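Me: I'd like to practise reading sheets, helix packing and burial on an actual model. Could you walk me through one?

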Amino acid sequence: MTTAEKQISRHWDFADATLKALRERGLRPTPELYHVWFVYFAEENPEILRVIDAVQASGEPLAEDTLLQLYYRYIFDRQAADFLQRGMEDFSELVESSDECLTTARSGFQDYGALLTRSLETLKDHQQVSPVLSEIIEKTDEMQHTVEGLHQRLDQYLGKVERLQRELEETRERSYTDGLTRVSNRMYFEEQLNLLVAEHDSSKHPEPFCVMIVDLDQFKAINDRFGHRIGDEILVLIASMLKANIKGRDVVARYGGDEFAILLPQTPLVDAMSLADDMSKRIAEREIKAKQSGVSFGQMTISIGVAEYVTKEGGAKLIDRADGALYRAKKEGRNRNFAA
């Protein structure tokens, strides 16, 4: 087995053990809990190993709060996210190749089993057979039973692979989605941004693209006055309104707290600013109401910083320029948009 094959096999084991741990403990399959268990089985972080082993040795159940504390303390960074993503990609490739191989093997065994059945019936039709043919009949009969057993085991294994593949796809989708607002999360946004940067920098005729950084004006005051539950409702509403204004390959992501980031492929700065103005106007005109009580909290405004990518500057510099434009918008009185 090559080094690459061994690495893929290890990721298979980690992912399988992770999904099993979540099921056995009745834990919700959230991206955070999946990350903690995956890193635990991969033995990538000694502190996570120490804490989980100690709790399990005590006989106490592992509470979600404990696992979430481990996630935010030891995993919530770019390096850990990259490690998990590589593992999920390797595991996905292995599952897909295994599914194809098993399907081919099962088809071959079925054909061979049918051939053995026909051969056996033909041999049995002869009333007089030599001792050699008698032994062939006996061995053929044994082989047919062996093939039937292999059919059953391959069916079971193929079913397991298909289930793991479904769970992996569901986990990958959850790992790219913000749990509260249901728009994309920061990890997915940065991956898509890096892809666009690489595509732009390597193209002879690159298409323009822009980034928006959106901030809710005076959101802290709303949280302090009405509480975090109302604040969460407002974040969900604003996220849905931002998402309603994009199309195609555009990406809306919760970037952190009350900040959203929007990626606009194939969009020059003038069009991005037009979209920003339209978004700001629509949100400012919307009356914010509590879901259950219908109590009105008035209007919410947003400030937006916009930047168009400059060849070879890199994603981090682009984000910094959009952030600078946002800072200027906030400093100038909020409820306005500026371009870098």
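Me: Let's go straight to β6 and β7: in which sense do they pair, and over how many bridges?

Reply: This is a predicted model, so keep that in mind as we go. For a strand pair, look at the direction and then count the bridges. Here β6 and β7 pair in the parallel sense, with 3 bridges between them. To pin down the register, take Val 306, whose bridge partner in β7 is Ala 339.

Me: And on the other side, how does β1 run relative to β6?

Reply: Those two are antiparallel, joined by 7 bridges. For the register there, start from Val 211: its bridge partner in β6 is Ala 307.

Me: Which strand does β1 also pair with, by 6 bridges?

Reply: That's β3 (residues 259-264), which runs antiparallel to β1 (residues 210-216). Met 212 finds its bridge partner in β3 at Ile 262.

Me: What is the strand order of the whole sheet?

Reply: Chain the pairs together and you get the order. The sheet is open, with 5 strands in the order β2-β3-β1-β6-β7 and mixed pairing. β2 (251-256) and β7 (337-339) have a single partner strand each, so they stand at the edges with one side lacking a neighbour in the sheet. On average, neighbouring strands are turned by 20° against each other, ignoring direction.

Me: Which helices pack on it?

Reply: Check which strands a helix touches, then its direction against one of them. Helix α9 (residues 228-244) packs on the sheet and touches β1, β2 and β3, its direction making about 10° with that of β3. Helix α11 (residues 315-331) lies across β1, β2, β3, β6 and β7, and runs at about 145° to β6.

Me: Is β6 itself enclosed or open?

Reply: Count the buried residues. In β6 (302-308), 6 of the 7 residues are buried, so the strand is largely enclosed by the rest of the structure.

Me: Now a helix pair. At what angle do α3 and α4 pack?

Reply: For two helices, get the angle and the axis separation, then the handedness and the residues in contact. Helix α3 (residues 46-58) and helix α4 (residues 64-75) pack at about 165°, their axes 10 Å apart. Since angles over 145 degrees count as roughly antiparallel, that is how α3 lies against α4. Their crossing is right-handed.

Me: Which residues meet there?

Reply: From α3 you have Glu 47, Ile 48, Val 51 and Ile 52; from α4, Thr 66, Leu 67, Leu 70, Tyr 74 and Ile 75. Sorted by class, this contact has 7 nonpolar, 1 polar and 1 charged residues.

Me: How about single residues: is Trp 37 buried or exposed?

Reply: Start with relative accessibility, then list the contacts away from the local sequence. Trp 37, in helix α2 (residues 31-42), is at 0% relative accessibility and therefore counts as buried. Leaving out residues up to four places away in sequence, Trp 37 touches Thr 18, Ala 21, Leu 22, Arg 25, Leu 27, Ile 52, Gln 56, Leu 62 and Leu 67. Leu 19 is 18 residues from Trp 37 in sequence, and their C-alpha atoms are 8.5 Å apart.

Me: And what does Asn 223 contact?

Reply: Beyond its neighbours within four places in sequence, Asn 223 is in contact with His 228 and Gly 231. Asn 223 sits in helix α8 (residues 219-226). Its relative accessible area is 14%, so Asn 223 is buried.

Definitions and conventions
Residues numbered from 1 in each chain as written. Predicted model: local features only at pLDDT ≥ 70, side-chain atom pairs only at ≥ 80, totals over all residues. Heavy atoms only, no water. Axes fitted to C-alpha atoms, helices over the stretch in contact; angles between N-to-C directions. Helix = DSSP H or I, 4+ residues; strand = E, 2+ residues; numbered from the N terminus. Parallel < 35°, antiparallel > 145°, perpendicular 65-115°, else oblique. Left-handed = near helix turned anticlockwise from the far one by under 90°. Contact = heavy atoms within 4.5 Å. Nonpolar A, V, L, I, M, F, W, Y, C, P; charged D, E, K, R; others polar. Buried < 20%, exposed > 50% of the residue type's maximum accessible area, 1.4 Å probe, protein only. Pairing = 2+ DSSP bridges.
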